[in-house]
Amino acid sequence: MTRTGDGIAVVGAVVGGVADVEEFVGAAGIADEAWPGTFREYQLDALARLDECRQTGRRRAWLVLPPGAGKTLVGLEAARRRGGRVVVFVPTTAIQGQWVRAWQQFTPQRV
C-alpha cells in the first residue's frame, strides 16, 4: 500500500481480489487540495454524474472511460469532493504509482 500522505491510500497489485489494508489516517487535508489544470468536458460530465449519485444517496457508482481519458484524475477529484478517507484498489503497481503521481500534482486550494 502506498500512502500519499493526504488521505488517500492506494493498494496495488491486489491478488485474488483480497488485500491486507490497514487503516489509513490523515484525511483531513484532502478537501483543501485542488487540481491545478483544466478538466475536459466529458470529465466534468462524469464528475457531475458522480455528484448526482452521491446526492441521491447511492453509495456505489462505476466510472467507465476509455484508456487515456483521465479516469485517475476523475477518481481523485471525486475523492477530493467526497472528502474523508479513500482507499483505491488498482491491479498493478504501475497504476498505483500513476495515482500517487497524479495526486501529488494537486495543489492546496486557493480562495
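Let me begin at a single residue, Gly83, which sits just after helix H2 and takes a positive phi of about 75°. I should say at once that what we are looking at is a predicted model, and that everything I describe this morning is computed from it.

Stepping back to the whole protein chain, we have three helices and five strands, and, reading from the N terminus, the elements follow the order β-β-β-α-α-β-α-β. Of the 111 residues in the chain, 37% are buried. If we take the contacts between residues at least 6 apart in sequence, 72% of them join residues that are at least 24 apart.

Now to H2 itself, which covers 71-82. The end C-alpha atoms of this helix are 16 Å apart, and that agrees with expectation, because twelve residues at 1.5 Å a residue should span 16 Å. The buried residues in H2 are Thr72, Leu73, Val74, Gly75, Leu76, Glu77, Ala79 and Arg80, and I would ask you to keep Leu76 in mind, since that name returns in the core.

H3, at 93-105, can be treated in a similar way: it has 13 residues and reaches 19 Å from its first C-alpha to its last, which is close to the 18 Å expected at 1.5 Å a residue. Buried along H3 we find Gln96, Gly97, Trp99, Val100, Ala102 and Trp103.

That brings me to the interior. In soluble globular proteins, nonpolar side chains tend to be buried together. Here the largest nonpolar core has 17 residues, and Leu76 and Phe106 are those with the most contacts inside it. At least two residues of this core come from each of H1, H2, E4 and H3, with H2 providing the largest share, four residues.

What does Phe106 touch, once we leave aside its neighbours within four places in sequence? The contacts are with Glu33, Ala34, Trp35, Pro36, Leu73, Leu76, Glu77 and Arg80.

Glu33, in that list, lies in strand E3, and we call this residue buried because its relative accessible area is 12%, against a cut-off of under 20%. Glu33 and Gln104 are 71 residues apart in sequence, yet their C-alpha atoms are 9.9 Å apart in space.

Arg40 makes a useful companion to Glu33, being found in the loop between strand E3 and H1. Is Arg40 buried, exposed or partly exposed? With a relative accessible area of 42%, Arg40 is partly exposed. Setting aside neighbours within four places in sequence, Arg40 is in contact with Gly68, Ala69 and Gly70, and in the case of Gly70, which is 30 residues away along the chain, the C-alpha atoms are separated by 8.9 Å.

Finally, the pockets. Rolling a probe the size of a water molecule over the atoms shows where empty space is left. The largest pocket in this model has a volume of about 1,000 Å³, and 30 residues line it, with Leu50, Ala61, Gly75, Ala78 and Trp99 lying nearest its centre. By character, the lining divides into 16 nonpolar, five polar and nine charged residues.

Which elements each supply at least two residues of that lining? They are helix H1 at 41-55, helix H2, strand E4 at 86-89 and helix H3, and H2 gives the most, with seven residues.

So I leave you with H2, the helix that gives the most to the lining of the largest pocket and that also brings the largest share, four residues, to the largest nonpolar core.

Technical notes. Residues are numbered from 1 along each chain as its sequence is written. This is a predicted model: local features need pLDDT of at least 70, side-chain atom pairs count only at pLDDT 80 or more; totals for chains, interfaces and linings use all residues. Side-chain values use heavy atoms; hydrogens and water are left out. On a 1 Å grid over the protein atoms alone, a cavity is a set of points where a 1.4 Å probe fits but cannot get out, and a pocket is an open set with protein on both sides within 12 Å along at least five of seven lines; lining residues have an atom within 4 Å of a point. Grid points are joined across faces, edges and corners, and a volume is the space filled by probe spheres set on the points. Ala, Val, Leu, Ile, Met, Phe, Trp, Tyr, Cys and Pro count as nonpolar, Asp, Glu, Lys and Arg as charged, and the others, Gly among them, as polar. A nonpolar core is a set of buried Ala, Val, Leu, Ile, Met, Phe, Trp, Tyr and Cys residues joined through side-chain atoms within 4.5 Å. Buried means under 20% relative accessible area, exposed over 50%, partly exposed in between (1.4 Å probe, protein chains only). Contact means heavy atoms within 4.5 Å. The expected span of a helix is 1.5 Å times one less than its number of residues.
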